[in-house]
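Trainee: Could you take one part of this structure and go through it closely with me? I'd like to see how it sits in its surroundings and what it connects to.

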Amino acid sequence: MRTDVMRLAAAAGGHPDDLTELIDDIGPGRCAEIATDEIAFRLDPPRLHPGTEIELQLVFGHRDTTTACLVTVTGSGATHATGRSATPHATIRQQLGEVIRQLLGPRGAAGPATRQVELRDSGDIASFRRPPVWFAATQRLLSTMDHRDEVTLTELASRYESDKWGIHRYTQHYPRYFEPLRDRPLTVLEIGIGGFADPAAGGCSLRMWKHYFPRATIYGVDVYDKTPHARQRIHTLRADQSDPEALLAVVARTGRPDIVIDDGSHRVEDVLTTFHTLFPHLRDGGYYAIEDLQTSYWPRFGGTSAELDAPHTSLGFLKSLVDGLNHEEILPGGRRAAPTDQQIRSLHFHHNLAVIEKGANLEGGGPDWVRFGPK
Ligand SMILES: C[S@@+](CC[C@H](N)C(=O)[O-])C[C@H]1O[C@@H](n2cnc3c(N)ncnc32)[C@H](O)[C@@H]1O
């Protein structure tokens, strides 16, 4: 089912008039909440003393209506609510459609032409020689709204405490594949939410992906209940990745993903079951990533270090895909065709990580006189 935020993200990349009509349809109050939720989530607060609370008033205009929302910034993050503060530190007025285009449209959208910013009167020009701390929070909020808070995936991994950087080094590799897709309203599906049986633990990478892909819908799948991590643009689903039926039920819910990341059990048989079940549903031009491939060498996860090409291991299987890339070159009788041969455009290997690009692989082989030599 397409949620309101998914509809807004799709429209934010199109004509402004269509977005205006969609805001009419969803309701400006609800759209203002969606925009404020997005701002509060992405905002990286400045360093504040414990107990300091900064109130930033947002007033969104749409046709002849206004909706007031309040973002409260503390040292540990930002919360939001509808309504007004009697004493905000700053008030930002802007047209709702413009805000939504900046937050949920492709980056680089036009600047904030309709914005007015009113700062609290500090009462004393001297105090501005050293700007008050609420001014720094206002700056952060404005750069978040303008989508100028360009942060790398590695910085986001640290911010949301994902081990994809630090323990692992995956976030240095992902941008070379994901950066060109970043401005699209993607469907991202990650197996393994983290935190295992504790429902409140984990969710770090889901939040990281949500921030990195500003227009995407992120689905997390885990064998345990992880509903506490659901929020705007993040959905949690419960499924065991060793069960193909359960995975198919996931795809029935999410639609075809653009990106799949397998960071689940890391058992070799589960990695292969998940790939064989989900890869056919991945969109063309999408990526399928498998993390923690070191388990392919470890008997505890069903792997082996004794037979490195064993087809039942994750790396043994992935190595066989290299021949599939060149399926048009292999001489008759050399190898049995695999279903993925014509669907994998490229394979990328990093330390413990593989990234597989889906796309037509039908370039054609060389002419027979090169292949077989002169008759
Ligand atoms: C390494 S954690 C995921 C970390 C998270 N992706 C991150 O980067 O923050 C692995 C998760 O996979 C889940 N898991 C283990 N076996 C699974 C299975 N068979 N199906 C689905 N999830 C599984 C665990 O419950 C655990 O929460």
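Mentor: Let's start with the open sheet of five strands, which run in the order 3-2-1-4-5 with mixed pairing. Keep in mind that this is a predicted model. The edges of this sheet are strand 3 (77–82) and strand 5 (116–119); each has a single partner strand, so one side of each is left without a neighbour in the sheet. From one strand to the next, the twist averages 20 degrees.

Now look at one pairing inside that sheet. Strand 1 (residues 54–62) pairs with strand 4 (residues 90–95) in the parallel sense, over six bridges. If you want a spot to click on, take G61, which stands opposite Q95 in strand 4. As general background, strands of a sheet pair through backbone hydrogen bonds, either parallel or antiparallel.

The piece to follow from here is helix 3 (residues 28–42), which packs on the sheet and touches strand 1, strand 2 (65–74) and strand 3. The direction of helix 3 makes about 20 degrees with that of strand 2.

To see what else helix 3 does, step back a little. The protein is divided into domain 1 (4–145) and domain 2 (153–358), and their centres, taken over C-alpha atoms, are 35 Å apart. Domain 1 brings 17 residues to the contact and domain 2 brings 15 residues. Between them the domains bury about 1500 Å², with 48% of it on carbon and sulfur atoms. On the domain 1 side, F41, R42 and R107 lose the most area to domain 2, and together they make up 45% of what that side buries.

What about charges and polar pairs? Four salt bridges are counted between domain 1 and domain 2. One residue from the list above turns up again here: R107 forms a salt bridge with D183, and their closest N and O atoms are 2.8 Å apart. Eight residue pairs are in polar contact across the interface of the two domains. As for which helices are involved, helix 1 (4–11), helix 3 and helix 4 (96–104) each supply at least two residues of the side of domain 1 that touches domain 2. Helix 3 gives the most to that side, with five residues.

Across the structure there are 25 salt bridges, and one of the pairs is worth finding on screen. E38 forms a salt bridge with R233, with 2.5 Å between the closest N and O atoms. That pair links distant parts of the chain: E38 sits in helix 3, while R233 lies in the loop between strand 7 and strand 8, 195 residues apart.

Follow R233 and you get to another sheet. Seven strands form this open sheet, in the order 8-7-6-9-10-12-11, and the pairing is mixed. Strand 8 (234–238) and strand 11 (344–350) are the edge strands, each pairing on one side only. Ignoring direction, neighbouring strands here are turned by 15 degrees against each other on average. Strand 7 (residues 217–222) pairs with strand 8 in the parallel sense over five bridges, and the bridge partner of Y219 in strand 8 is H235. Helix 9 (residues 244–254) lies across strand 6 (187–191), strand 7 and strand 8, and runs at about 155 degrees to strand 8.

So, if you remember one thing, make it helix 3: this helix packs on the five-stranded sheet, and gives the most residues to the side of domain 1 that touches domain 2.

Terms used:
Residues are numbered from 1 along each chain as its sequence is written. This is a predicted model: local features need pLDDT of at least 70, side-chain atom pairs count only at pLDDT 80 or more; totals for chains, interfaces and linings use all residues. Side-chain values use heavy atoms; hydrogens and water are left out. Two strands pair if DSSP finds at least two bridges between them. Helices (H or I, at least four residues) and strands (E, at least two) are DSSP runs, numbered from the N terminus. Axes are lines fitted to C-alpha atoms, for helices over the stretch in contact, and angles run from 0 to 180 degrees between N-to-C directions. Contact means heavy atoms within 4.5 Å. Domain bounds come from an automatic or database domain assignment. Buried area is the accessible area (1.4 Å probe) that two parts lose on being put together, summed over both. A salt bridge is a side-chain nitrogen of Lys or Arg within 4 Å of a carboxyl oxygen of Asp or Glu. A polar contact is a pair of N or O atoms within 3.5 Å; within protein, one must be able to donate a hydrogen and the other to accept it, and residues adjacent in sequence count only if both atoms are side-chain atoms.
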